[in-house]
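Student: Could you take me through the charged and aromatic side-chain pairs of this model, and the helices that carry them? I'd like one connected account, with distances and burial where you have them.

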Amino acid sequence: MAGAARRRDGRIAQERMLEEAMSAIAEDGLAALTMSALAERLGTSGGHILYYFGSKDRLLLEALRWSEAALTEERKALLARRVTAERKLDLFLELYLPRGPRDPRWTLWIELWARTPANEELRQAQEEMDLGWQQDLEALLARGVDAGRFARDLDVPARASELLALLDGLSTRVVLGQRGADPRRALATARSAATRLVERA
């Protein structure tokens with residue numbers, strides 16, 4: 001029982017650190033997130049954080065995984081909703097895109113993309129998280145085909161891959177704060193592209 005309590009306390013401690021790391025990124029940007037700065041926010045030591053994560057790369061990866069786990073649950077709920085396939089696709093686009101230039105999840109994605117060529121663990125983790133989005137979008141499109149909402153000959157894997165690539169590009173522009181790139185315009189562009197890529201029945 002005591003061992004279980006320690007494991008539960010450790011899990012709570014890690015989640016608290018990850019939650020605070022995401023908040024710090026949203027408030028001050030990724031560059032300002034250091035182990036010492038995060039420790040100060042948490043009222044602990046940098047060594048305590050290193051005990052759980054070992055390195056900043058691991059902390060960033062686990063923060064992203066923690067955030068993506070919540071979105072995975074949202075995607076599951078979305079797929080289960082009793083709405084049209086077109087509406088589900090629209091909601092999927094909204095869920096995927098960043099909320100603004102300081103979106104911490106997307107800030108982490110961009111940072112980790114830059115680090116994956118030299119880090120096999122990060123590369124595998126990225127592929128795993130990407131695959132979840134791909135599979136759920138494929139499921140959404142396939143159900144739309146089965147329901148007669150999307151074209152019967154729709155190439156589901158290809159259209160899903162193309163849409164996700166487009167969303168990645170739009171998201172990157174928003175997070176980097178490029179001129180003319182904001183969440184509202186990005187969503188409008190994504191909707192327009194989805195209408196062209198996903199043929200209606």
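Tutor: Happy to! A helix here is a DSSP run of H or I with at least four residues, and helices are numbered from the N terminus. Please keep in mind that this is a predicted model.

Let's begin in helix α1, which spans residues 2-28 and holds both R16 and E20. These two residues are 4 apart, about one turn of the helix. They form a salt bridge whose closest N and O atoms are 2.7 Å apart. As background, side chains of opposite charge can pair when their charged atoms come close. The two partners differ in burial class: E20 has a relative accessible area of 11% and is therefore buried, while R16, at 39%, is partly exposed. The cut-off behind this is that buried means under 20% relative accessible area.

Helix α4 offers another pair within one helix, R65 with E62, set 3 residues apart or about one turn. Their salt bridge has its closest N and O atoms at 2.9 Å. R65 counts as partly exposed because its relative accessibility is 29%, and E62 is partly exposed as well, with a relative accessible area of 21%.

Further along α4 sits R75, which forms a salt bridge with D136, with 2.7 Å between the closest N and O atoms. This pair links distant parts of the chain, since R75 lies in helix α4 and D136 in helix α7 (residues 120-146), 61 residues apart. Both ends are buried: D136 has 17% relative accessibility and R75 has 3%. Elsewhere, salt bridges with shared partners join R16, E20, E27, D28 and R41 into one network, which brings our α1 pair back into view. The structure holds 19 salt bridges in total.

R75 also has a part in how α4 packs. The axes of α4 (residues 56-80) and α5 (residues 85-96) come within 10 Å of each other and cross at roughly 170°. The two helices are therefore roughly antiparallel, as angles over 145 degrees count as such. On the α4 side the contact involves L71, E74, R75, L78 and L79, and these meet K88, L91, F92 and L95 of α5. Sorted by class, the contact has 6 nonpolar residues, 3 charged ones and no polar ones.

From that contact, F92 leads us to the aromatic side chains. F92 belongs to one aromatic cluster, together with Y96, W106, W109, W113 and W133. The structure holds 7 aromatic pairs. One of them joins W106 and W113, with ring centres 5.8 Å apart and planes at 65°, so the pair is edge-to-face. Here W106 is buried at 1% relative accessibility, whereas W113 is partly exposed at 24%. W113 pairs with W109 too, and that pair is tilted, with 5.9 Å from centre to centre and 40° between the planes. W109 and W113 are 4 residues apart in helix α6 (residues 104-115), so about one helical turn separates them. W109 counts as buried because its relative accessibility is 4%.

If you want two residues to follow on screen, try R75, which is in the contact with α5 and is bridged to D136, and F92, which is in the contact with α4 and in the aromatic cluster.

Note on methods. Residues are numbered from 1 along each chain as its sequence is written. This is a predicted model: local features need pLDDT of at least 70, side-chain atom pairs count only at pLDDT 80 or more; totals for chains, interfaces and linings use all residues. Side-chain values use heavy atoms; hydrogens and water are left out. Axes are lines fitted to C-alpha atoms, for helices over the stretch in contact, and angles run from 0 to 180 degrees between N-to-C directions. Angles under 35 degrees count as roughly parallel, over 145 as roughly antiparallel, 65 to 115 as roughly perpendicular and the rest as oblique. Contact means heavy atoms within 4.5 Å. Ala, Val, Leu, Ile, Met, Phe, Trp, Tyr, Cys and Pro count as nonpolar, Asp, Glu, Lys and Arg as charged, and the others, Gly among them, as polar. A salt bridge is a side-chain nitrogen of Lys or Arg within 4 Å of a carboxyl oxygen of Asp or Glu. Buried means under 20% relative accessible area, exposed over 50%, partly exposed in between (1.4 Å probe, protein chains only). Rings of Phe, Tyr and Trp (its six-membered ring) pair if their centres lie within 6.5 Å; planes under 30 degrees apart count as stacked, over 60 as edge-to-face and the rest as tilted.
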